[in-house]
Amino acid sequence: MQKEDLRIVFMGTPEFAVGTLKSLVEGGYNVVAVVTQPDKPVGRHQDTLQPSLVKQYALSMGIPVLQPVKMKDEEFVEELRSYKADLQVVVAFRMLPEVVWAMPRFGTFNVHAALLPQYRGAAPINWAVINGEKRTGVTTFFLDHDIDTGRIIMQKPFDIKDDYNVENVYDGLMALGAEIALETIDKILEGDGHVDSLPQEEMIAETDVLHLAPKIFKETCEINWNQSAKSVYDFVRGLSPYPGAWTTLTVSGGKQTVLKVFETAKTGKVAEHKPGVLVQNKNRLFVSTGDGLLELKEIQLAGKKRMKAADFLNGFRDLTDCFVC
């Protein structure tokens, strides 16, 4: 079978998925339909519907778009079945019921932004950076009953440099994800639907500690200044630029406000104050952590724009009795 004859249904929603969909289309693969999330209400009154980036691209290429509210909805399942897909490719989408992932004769594979079995879950890129990993990658695997546990087809590694934040890793993995998706499809084509795959259980050593990647909420993003400077540094870049690590800034008089932190720098200096104490040195701003001094480089006060620490200090002539917690 040639790639032009392989009928593919693509499933995904955010920008991360667009990279793979675009590569499929530009590579001449036969994408017969796209499944994405329903349009999202936006605006002050939630009265404007915003289509996903995947939907926008699919429509621009004349590809039919399906947007089920429930994946088990009989009308959706029948419509999906009408496209007679040989293979389904999933990138950054929701969990699928068996009636959907088992539908194509060649199965359904997912592109996951981590080196499985590590970092199963909704936010693998964030958690890899938060945990100070030096390497991550992308994995293709066949879907089965449990999330992110299916048989692995291929993996590609990606090095995380010490100054990378989530955006840097996201961009790298988006490009790598498109590459591995096409290579996986080609393997499936070469085997006429049969491809070697490995159970994840066989990749887990008895000494391995499995890191999970659960969904990130607002409370997840609160900085704990009692941790080491390295841990706080990794935590900040693991949430930058989105959703953003935050802390509570208390100023003279006891007034409190939320302060987001987007960039820090390690100093290698021992902290002379208890965790959370702010220290100013000319136009530079530092904060004490559990074991050292960390420099704040880029921050954002509630209701204000992101700014360099030097600009922030222009509005605070005296940091006496100011601290974060």
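**Entry 1: helix α1**

I opened this predicted model at helix α1, residues 15–26, and checked its length. Its twelve residues reach 17 Å from the first C-alpha to the last, close to the 16 Å expected at 1.5 Å a residue. Next I asked which residues of α1 are buried. I found Phe16, Ala17, Val18, Thr20, Leu21 and Leu24. A reminder to myself: an α-helix has 3.6 residues a turn, so residues three or four places apart point the same way.

I then looked up what these buried residues pack against. The partners are the strands β1 (7–12), β2 (30–35) and β6 (87–91), along with the helices α2 (53–60), α5 and α6. Just after α1, I noted that Gly28 takes a positive phi of about 85°.

**Entry 2: Gly12**

From α1 I stepped back to Gly12, which lies in strand β1. Gly12 counts as buried because its relative accessibility is 0%, and the cut-off for that label is under 20%. Leaving out residues up to four places away in sequence, I listed its contacts as Ala17, Val35, Thr36, Val54, Val91, Ala92 and Phe93. Out of curiosity I also checked Gly12 against Ser252, 240 residues along the chain, and got 48 Å between their C-alpha atoms.

**Entry 3: the whole chain**

Time to zoom out. I counted eight helices and 16 strands in the protein chain. The C-alpha trace spans about 70 × 50 × 30 Å along its principal axes. Of the 325 residues, 49% are buried. I also looked at contacts between residues at least 6 apart in sequence, and 64% of them join residues at least 24 apart.

**Entry 4: nonpolar cores**

In soluble globular proteins, nonpolar side chains tend to be buried together, so I went looking for cores. The largest nonpolar core has 80 residues, and the members that touch the most others are Phe10, Phe109, Leu173, Ile185, Leu249, Leu285 and Phe312. Helix α6 gives the most to this core, with eleven residues. Apart from it lies another core of 21 residues, including Leu66, Met71, Leu96 and Trp101.

I picked Phe109 for a closer look. Setting aside residues up to four places away in sequence, its contacts include Leu87, Val89, Phe141, Ile153 and Ile185. Gln88 and Thr140 are also among the residues that Phe109 touches.

**Entry 5: pockets**

How much space lies in the largest pocket? I read off about 1,700 Å³. Its lining has 47 residues, with Pro14, Ala92, Phe93, Ala122 and Ala123 nearest the centre. The elements giving two or more residues to that lining are α1, α2, β7 (108–112), α5 and α6. By class, I tallied 28 nonpolar, ten polar and nine charged residues there.

The second largest pocket holds about 200 Å³ of space. I found 14 lining residues, and nearest its centre are Asp163, Asn165, Arg237, Phe262 and Glu263. Here α7 and β11 are the elements that give two or more residues. The lining divides into five nonpolar, four polar and five charged residues.

**Entry 6: helix α7**

That second pocket sent me to α7, residues 229–237. Is α7 mostly covered or mostly open? It is mostly covered, with seven of its nine residues buried. I wrote them down as Ala229, Val232, Tyr233, Asp234, Phe235, Val236 and Arg237. What covers them includes the helices α5 (124–130) and α6 (166–190), and the strands β10 (245–250), β11 (256–266) and β14 (293–301). Arg237 thus appears in two of my notes: it is buried in α7, and it lies among the residues nearest the centre of the second largest pocket.

Technical notes: Residues numbered from 1 in each chain as written. Heavy atoms only, no water. Buried < 20%, exposed > 50% of the residue type's maximum accessible area, 1.4 Å probe, protein only. Helix = DSSP H or I, 4+ residues; strand = E, 2+ residues; numbered from the N terminus. Contact = heavy atoms within 4.5 Å. Expected span 1.5 Å × (residues − 1). 1 Å grid on protein atoms, 1.4 Å probe; cavity = no way out; pocket = protein on both sides within 12 Å on 5 of 7 lines; lining within 4 Å. Points joined across faces, edges and corners; volume = space filled by probe spheres on them. Nonpolar A, V, L, I, M, F, W, Y, C, P; charged D, E, K, R; others polar. Core = buried A, V, L, I, M, F, W, Y, C linked by side-chain atoms within 4.5 Å.
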